[in-house]
Each structure stands twice: as structure tokens, then as C-alpha cells.
Amino acid sequence: MTLSSQVLPLLKEPERLETRLKEIPSEPGVYYMRDVSDRILYIGKSKKLRSRVRSYFRDLQSLSPRIALMVRQVAEIEFIVTDTEAEALALEANLIKQHQPHFNVLLKDDKKYPYLCITWSEDYPRIFITRKRRLGNERDRFYGPYVDTHLLRSTLHIVKRIFPLRQRPQPLFKDRPCLNFDIGRCPGVCQQMISGEDYRKIVQKVAMVFQGRTGELVDTLMVQMDQAAEALNFEQAARLRDQINGLKSLGAEQKVALPDDTISRDAIALAADEQHACIQLFQIRAGRLVGRLGFVADAQSGEPGAILERVLEEHYQTVDAVEIPAEILVQHELPESDMLAEFLSDRKGRKVTIVAPQRQTKAELVEMVERNAEYELARTQRFADRNAQAMLDLAEVLDLPDMPRRIEGYDISHIQGSDAVASQVVFVDGIPAKQHYRHYKIKNPTVTTGHSDDFASMAEVIRRRFRKYAADPQLPRVGNPDWPDLVMIDGGKGQLSAVVSVLRELNLLEELRVVSLAKKREEIFLPGESLPLTTEAEQPGVQLLRRLRDEAHRFAVSFHRQQRSDRMRRSCLEDIPGLGHHRQKELLAAFRSVDYIREATPEQLTNVSGIGPQIAQKIYDYFHPQS
């Protein structure tokens, strides 16, 4: 349901605006700004909700152009009252992560910096470097993002030499460990020669290294070494001595001159141009630089202090309490510095201060962080220039009035009509904007197993995507972050013709620019044209469309595989009497696969919510008919 048929933006209804503002309490909490289509434009927090929300409507001239544009679109204001300011901050961070409002400060996910992942959800946790931060399991832990990839890989390599860890993603032999076990590099994880509990203790020591707690780990190991020596266990004492020496060699040269090197500090600064803001966060523990993290945001999304605050909020939401430093040095004053400090103090269990130093050593440290941010900005600008060249070339090829900042790509995936799905991917300024990606399940009843219709499927998806604009012609196009400058269809003239028919039916064909990209010869087709455009496969604009097409194809195929896998997993469970869809979901959530359900005992099955002794026995008997 949308608001568009009932109300106008609040600025056009002063009486309703004033009534709504009076209804908002003067308590801490979180507020939502919605437009006429019921879409969330902005999510914010405040110590006093009424004062903060009212400030947006007092004087539009004093607001930044971006926020003023947002305020003109606000049609409804909602709020959630919290008991404390710290709760408001935590709730706001979670809601922003969930809804990704366009006018909030959003950190860009362009895989620029890598993370280190430890899979605590597994009995034998894996440790690996990745550029995909997938929060599939809340217990898994991501450290980073790290700016210096070489240093990250080098640190992980040294750590794997210091501690006996799993060295291979897959076992080399079925019935015996490999050479790494014989030389003490691996404790024999593949053959379970170490218990999961003991192995997790080793991994916990590794985690302390990437938490910046190396000094604390060294102190612990020294105590253990002394105890082993007193017990005449000299072999164990020698192993601990080697681990201590290896840890001391990590970053030994990375000293930072501070008057008090006993306090843990983080220092954050940014460098920005008109489009991009590159943020650097230096982690300093006991006077040593133990980590350098990097983030990228839209420079137009807020003032420098607001961007720094958003980075700190999101970063400290994902770290363990012991990783929060006692002091945070910031380049600019934060809008809600007190709220953030209170929130971090509550999490850490001791006082955390946020300071914007103006002189002496601490200010020099922030300046050093800022210089590093400027180097990262220069790298980002070079990358952005290449993307701008590609968008400019594409605008020339397609005769567009402006560079296409938001481009949407669509693709269909199925196997002979079964599990037919579609994907919508979005590139903003030539970079994948994954918060705007969408999946579609094809609902056309004629598309079934053995009978596919890509033309009808693509037409259905485009109709579902743009029907709200046809239903309400008053919805804004220009300046609307949801409205694309260009739509690309994966396919040839047939798919394009089907889409053109739908857009003509919706009266949007004159407003929306759409093209198709054929796979075989990388040919671009325009509506109503029988011949493709004359282009070269390697020119920047065509390469940009190809990247978009490949991403749409990847996203569609991955969703199709997921749907097909879910259907195949459920198919055998549906044959068990009394096992409905809800119980099937509970079983699969608990055991992850039908294979594990097959191996489970009746007692283990009854541990799942909704599975009693009788149905557990039926499940067991189904998979073990002979017994």
C-alpha cells in the first residue's frame, strides 16, 4: 500500500505537518522519513525526537541541498521511542543496515578492501581472507576491512607458522593426515585428531592477533611457558617460547610515538572530493599500529562529522567489546558524540572518550591518518575516472542527454521452464549497488517445467518493477534515486520487443530509456531498430554494459540454483506423513541438509522445535526402512 493516493508531501500540508510534529515526544528514539510511495527516505536518532525532527522543517535554506531535497519529499514521519540514547543508536544502526535508505550515509560495498573471516559457527573454524562480507551466520566473525592487503596476507602467513592450524581447505587423504601434521603445522583436523573444543582454543589465540590484542596474548603465553618449565615440560615450554618470539616479530617496526603508550586508541579521518569520501581508521594498541582499516562513502550523503560517525557506529557494532579502545581520536566533531560515547562505554564496560584533538601529538596522529586517506582518495578518483569515461562513452553511443548514473540490468534463469526466476541488478556510477538488487520469482502460469517463455517472463518482471509509476504519474522521476537512467535487458530483439510492449502499455516508453545486449556478438539493440548499433566490443561503454549483463546473469543463476536446491531438498521430506511445510523448514534450519537429517537419531530429531517423538520416529523410519 502506498500513501500517494491519500496525502501530499508534508510541506504542502502545513496543518498536517504541525499536527504531526506535536505528536512526536521529546524522548530519545529513532525516526523514519517516508515519501508518498511509502518508501523510507531517511532514518535518524536523537536524544529529543521532537526537537530533532522539527529542525528539518524550520529553515530549508540552512540545510544541505541533499537533505533539503529529502525534506521536500517527506509525506509521513514515524518514530520509535527507546529507554536510553544508547538503545536509540543501536536501533538506528540496525534499521539503516536493514532498509538502506537513500539519504542516509551508506558505506559503499565495492569489494575494494578485504576482510579476514573466522567461521565460529563451525566445529573446526576456518580462517580465510575474503572480499565478500556475508553475514550468513551471526557467530562468524569478520575483521577489517584492511587497507594493506599485502600486510594482511603476510600476517596470516606468519600466524599459520606460529600456531598449528588447518592448512588445507579439503583433506589430502581420506584415512590419514598430510605432512603438515607430521611437521607440527596442523593438529590433524581432517582426521579429528584434536577435539573441536581444543582447536577453538587455538583459533581464539589467532583471533586475539587480529583484534589488536597481541600484547595481551604474549603475556598469557609467557605465564603458560613459565608453568610448563616449572612442571619440567620443556618441549611444551619451547613451543610456547617460539610462539612468543613469532608474535613479537609481528609489526615490531610499526611504532607510533604517543606520550602514553598504555592506552588503546583508534584514530579516524577522511579525505573527500565532490563524490567520494575515503575514510581511514588506525588501530593503535600499546603505542603500536596493529591495524589500518578503510571505508568508502558517498561524499554528498552528509557532513564530514556525520560520515565519520556513521563509520564508527557501523564498525563498532560488529566488533567484540574487548576490541573497543578507551579513546577515539576524530578529525571532525561528531553530531552525536555523547550518544556514541555512552553506547561504546556500555558495551565495553568502562569509559570510552571521543576527542577531536587540536594540538600536539594526538593532532599530529590524526593528520597522519588524514594523509593516508588522501592517498586512498587519489586511488578512488582514478578508478572513478575510468567509470566516468565508460558512462560518458555509453551516453554517446546511446545518444543520452546525460551520463547514466543509475543503470539497471535484468536477466531470466531457469532449466526448461522449471524454477524460473529473474534478477534486477543496479550499477550506480559504474559500481554495483547491491543494496538495490532484487530477485523475482516468475508467476506466469504458462511458464512450467518443460515449457519456458523468456519473452513473457521478462515482460512480467518489467511490469512488476514499474507498475507503481504507471499507477501514480505524480511519482517523481527526475531526482528520484529509484528511477533508472537506463534499463538493459539481457537478450536480443525478442526480449526487447516484449519489454517495449509492456512499457507502451504502462505509458512509460517515452520516459524510460531501454536497450538490450545480445550474448553472441555483444550487440546493442534499440527499440524499433532492426539492426544493432555499430559499436566495438572493447570500447568503454560496451564493456560497462557487459559487466552489468554478466552481473545480472550471475545473480539470476545463483537465485535459480537456490530455488532449485530448496525444492529438491523439500521433495523427499514432503513424502513423510505429518511433516508439513513449517516442520520441514525447522528441520532444514537445524540440520542444514537432508543428508544430516537422514543420519540423525530419533532423539536428535526431537530436539527440533515442533518435532515430537512420534513424528521423529516416522522421519527415522522413512530414511531407515530396513530397521
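1. A word on size before anything else: the radius of gyration here is taken over C-alpha atoms, and the globule rule is 2.2 Å times the number of residues to the power 0.38. For 627 residues, that puts a compact globule near 25 Å, and the chain comes out at 28 Å, which agrees. Keep in mind as you read on that this is a predicted model.

2. Still on the whole chain: the C-alpha atoms fill a box of roughly 85 × 80 × 55 Å along the principal axes. There are 19 helices and 18 strands to find your way through. Of the 627 residues, 49% count as buried. The chain exposes about 31,900 Å², with carbon and sulfur atoms supplying 48% of that area. If you take the contacts with a separation of 6 or more, 63% of them come from residues 24 or more positions apart.

3. Now the sheet I'd look at. It is an open one of five strands, in the order S9-S8-S7-S10-S11, and its pairing is mixed. S9 and strand S11 (353-355) stand at the edges with a single partner strand each, so one side of each has no neighbour in the sheet. From one strand to the next, the twist averages 20 degrees.

4. Strand S8, residues 276-285, deserves its own point. It is mostly covered, with 10 of its 10 residues buried. His276, Cys278, Gln280, Phe282 and Ile284 point one way from S8, while Ala277, Ile279, Leu281, Gln283 and Arg285 point the other way; all of them are buried. Notice that the buried set takes in residues such as Gln280, Gln283 and Arg285.

5. On the S7 side, strand S7 (residues 265-272) runs antiparallel to S8, and eight bridges join the two. The connection between S7 and S8 is a hairpin through three residues. For a landmark, find Asp266, which stands opposite Gln283 in S8.

6. On the S9 side, S8 pairs with strand S9 (residues 288-298), again in the antiparallel sense, over 10 bridges. Two handy reference pairs: Gln283 stands opposite Gly291 in S9, and Cys278 has Val296 as its bridge partner there. Gln283 thus turns up in both pairings, opposite Asp266 and opposite Gly291. The hairpin of S8 and S9 has two residues between the strands, and Ala286 in that hairpin takes a positive phi near 55 degrees.

7. Asp266 is worth a closer look. Is this residue of S7 buried or exposed? Its relative accessibility is 0%, so Asp266 counts as buried. What does its side chain find for a polar contact? The side chain of Tyr316 provides one, at 2.6 Å. Leaving aside neighbours within four places in sequence, the contacts of Asp266 include a run in S8, Leu281, Phe282, Gln283, Ile284 and Arg285. Tyr316, Pro325, Glu327, Ile328 and Leu329 are also in contact with Asp266.

8. Compare Arg292, which lies in strand S9. With a relative accessible area of 21%, Arg292 is partly exposed; the cut-off for buried is under 20%, so I wouldn't lean hard on the label. Its side chain makes a polar contact with the side chain of Gln280, at 3.0 Å. Beyond four places in sequence, Arg292 is in contact with Gln280, Leu281 and Phe282, and also with Pro145, Tyr146, Val147, Asp148 and Asn372. For a sense of distance, Asp38 is 254 residues from Arg292 in sequence and 40 Å away in space, C-alpha to C-alpha.

9. There is also an open sheet of three strands, in the order S5-S4-S6, with antiparallel pairing. Strand S5 (127-130) and strand S6 (141-143) are at its edges, each with a single partner strand, so one side of each is left without a neighbour in the sheet. Ignoring direction, neighbouring strands of this sheet are turned by 30 degrees against each other on average.

10. Last, the pairing and the helices of that sheet. Strand S4 (residues 115-118) pairs with S5 over four bridges in the antiparallel sense, and Ile118 stands opposite Ile127 in S5. Helix H5 (residues 149-162) packs on the sheet, touching S4 and S5, and its direction makes about 170 degrees with that of S5. Helix H7 (residues 196-210) lies across S4, S5 and S6 and runs at about 160 degrees to S4.

Notes:
Residues numbered from 1 in each chain as written. Predicted model: local features only at pLDDT ≥ 70, side-chain atom pairs only at ≥ 80, totals over all residues. Heavy atoms only, no water. Buried < 20%, exposed > 50% of the residue type's maximum accessible area, 1.4 Å probe, protein only. Pairing = 2+ DSSP bridges. Axes fitted to C-alpha atoms, helices over the stretch in contact; angles between N-to-C directions. Polar contact = N/O pair within 3.5 Å; in protein donor to acceptor, adjacent residues only side chain to side chain. Contact = heavy atoms within 4.5 Å. Areas by Shrake-Rupley, 256 points an atom, 1.4 Å probe, with all protein chains shown as cover.
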